[in-house]
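Visitor: I would like to learn how to read a protein model feature by feature. Could you take me through one?

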Amino acid sequence: MTLDILTAKDELRDLIDAYASLGDEKKIAEVMGLFTPDATYKVYMNGTMVASTSGKKTMEEEFSGHAAQVTDYFTLNGQHTVNVDGDTATGVSFTQIKMIRASEGAAILTDYSVRYDDEYVRLNGKWLIKDMRWDN
């Protein structure tokens, strides 16, 4: 394995960790900085697509709408495997996400075990998320 590939893998891990941390803090505009302008985001639950969006502007609106319904997020990233091919890469990461929503004065906890299948590109020396698929 070359130093370039090891560096790319480290940078890609930093990218998914930044996605989790910024999302937990509801810094949606900063989260959008981690995506390509034409990015896609798809959510599958039990094999059925329940959400699909593309483009940073639309994604920001949808992410902001979701974040407004959640009082707290807590994300814990697990293993992350990537295959780097020059300025493109694919990756699989496993994550635990806890979301707390308020409902009729009670805090409702939802706990997700998620597999992300991602495609990344390096633009101007910076790795970005091009496609993100969320499977529960």
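Guide: Gladly. Let's start with a pair of strands: β5 (residues 106-123) and β6 pair in the antiparallel sense, over 9 bridges. Keep in mind that this is a predicted model.

Visitor: Which residue in β6 is the bridge partner of Val-121?

Guide: Val-121 has Leu-128 as its bridge partner there.

Visitor: How many residues lie between β5 and β6 in their hairpin?

Guide: There are 2 residues between them. In the turn you will find Asn-124, with a positive phi of about 50 degrees, although Asn-124 is not a glycine.

Visitor: Is Asn-124 buried or exposed?

Guide: The way to read this is by relative accessible area: under 20% is buried, over 50% is exposed, and in between is partly exposed. Asn-124 has 86% relative accessibility, so it counts as exposed.

Visitor: And how much of strand β6 is buried?

Guide: Strand β6 covers residues 126-135 and is mostly covered, with 7 of its 10 residues buried.

Visitor: In which sense do β1 and β6 pair?

Guide: Strand β1 (residues 35-45) runs parallel to β6, and 6 bridges link the two. As an example of residues facing each other, Phe-35 stands opposite Ile-129 in β6.

Visitor: What can a single residue in β1 show me?

Guide: A general idea helps first: in a regular strand, side chains alternate between the two faces of the sheet. Now take Thr-36, which lies in strand β1. Its relative accessible area is 2%, so Thr-36 is buried.

Visitor: Which residues is Thr-36 in contact with, leaving aside its neighbours within four places in sequence?

Guide: A contact here means heavy atoms within 4.5 Å. On that basis Thr-36 touches Lys-56, Val-121, Leu-123, Leu-128, Ile-129 and Lys-130. You have already met Val-121 and Leu-128 as bridge partners, and Ile-129 as the residue opposite Phe-35.

Visitor: Where is the other hairpin you would show me?

Guide: Look at strands β3 (residues 72-85) and β4 (residues 88-103), which run antiparallel and are joined by 12 bridges. Within this pair, Asn-77 is matched with Thr-95 in β4. The hairpin has 2 residues between the strands, and Gly-86 takes a positive phi near 65 degrees.

Visitor: Which residue in the loop between α1 and α2 could I compare with those turns?

Guide: Try Lys-26, which sits in that loop, ahead of α2 (28-32). Lys-26 is not a glycine, yet its phi is positive, at about 60 degrees. With 33% relative accessibility, Lys-26 counts as partly exposed.

Visitor: What about a residue within a helix?

Guide: Ser-21 has its place in helix α1 (residues 3-24), and at 38% relative accessibility it counts as partly exposed. You can also read a distance from Ser-21: its C-alpha atom is separated by 17 Å from that of Ala-68, which is 47 residues away along the chain.

Visitor: Now for the whole chain: in what order do the elements run?

Guide: From the N terminus on, the order is α-α-β-β-α-β-β-β-β, with 3 helices and 6 strands in the protein.

Visitor: Why does the radius of gyration agree with a compact globule?

Guide: The idea is to compare the value with what a compact globule of that length would have. For 136 residues that would be near 14 Å, and the protein has 15 Å, which agrees. Along the principal axes, the C-alpha trace spans about 55 × 30 × 30 Å.

Visitor: How many positive and negative side chains are there?

Guide: There are 14 positive and 22 negative side chains, and the centres of the two sets lie 2 Å apart.

Notes:
Residues numbered from 1 in each chain as written. Predicted model: local features only at pLDDT ≥ 70, side-chain atom pairs only at ≥ 80, totals over all residues. Heavy atoms only, no water. Helix = DSSP H or I, 4+ residues; strand = E, 2+ residues; numbered from the N terminus. Rg over C-alpha atoms; globule rule 2.2 N^0.38 Å. Lys, Arg positive; Asp, Glu negative; His and termini not counted. Charge placed at Lys NZ, Arg CZ, Asp CG, Glu CD. Buried < 20%, exposed > 50% of the residue type's maximum accessible area, 1.4 Å probe, protein only. Pairing = 2+ DSSP bridges.
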